[in-house]
Amino acid sequence: EEGDDGAVIYYRPSELADINKLTSESKNWVSYMTVKAEDRSLTVPIAFTKDNKQVYWLSGQDSNLGDLTIHDFGHPDKSQILYKANRTQIFGVILHPIDRTVLSVTEYYHKPEIYVANDTVLDDFQYLVNLRPHSTLLVESTSNDFNLWLCTYNADNSPYEFFLYNRSTKHAEFLFRLDTI
């Protein structure tokens, strides 16, 4: 909900709410967090953890660039900073689709800069970066089992290229360039 002052108010189910039969009745909801108007552009929820007890946020509170944070749902006062933006705002976060852990964070400063947060994907990112070392890698999407990744490469002297990366074979297959469709 948007407040009169431009703030955004987030809600969570109240103690009276039946989680299996939620409605929009006001008795079912309590204010969870209020984001000041000046922090709106940097503060948004991203996703819940696998057990749905914690929530990841991009948070602009007390930060000019934003932070990746996590807290127990309903308790934003106990936020833990997982990643602090270094050069510019956080552009993207990749979560593992099954275990819902943070794998990488991308900042966009002239071009995307990927910061690997989990060593389990370090070799994958290194392979993909080395595939087109003069282009900028973006992981656009992954399969639900996390084995296949749709990746794009952008460079100032060539059109976007699309690849399908297979983690089990550690190989990327060229799909197409934007100028060929």
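**Around S143 in a predicted model**

Visitor: What makes the pair S143 and D145 a polar contact?

Guide: The side chains of S143 and D145 come to 2.5 Å, and a polar contact is a pair of N or O atoms within 3.5 Å, where within protein one atom must be able to donate a hydrogen and the other to accept it, and residues adjacent in sequence count only if both atoms are side-chain atoms; the pair is therefore called a polar contact. This is a predicted model, in which local features need pLDDT of at least 70 and side-chain atom pairs count only at pLDDT 80 or more, while totals for chains, interfaces and linings use all residues. Residues are numbered from 1 along each chain as its sequence is written, and side-chain values use heavy atoms, with hydrogens and water left out.

Visitor: How do you know that S143 is in a loop?

Guide: Helices (H or I, at least four residues) and strands (E, at least two) are DSSP runs numbered from the N terminus, and S143 has its place between two such strands, β10 (136-142) and β11 (148-155). The protein as a whole has one helix and 13 strands.

Visitor: Which residues does S143 touch, leaving aside those up to four places away in sequence?

Guide: S143 touches P97 and L148, where contact means heavy atoms within 4.5 Å. The C-alpha atoms of S143 and P97 are 7.9 Å apart in space, although 46 residues separate the two in sequence.

Visitor: What makes a residue count among the 38% called buried?

Guide: A residue is called buried because its relative accessible area is under 20% (exposed is over 50%, partly exposed in between; 1.4 Å probe, protein chains only), and 38% of the 181 residues are buried.
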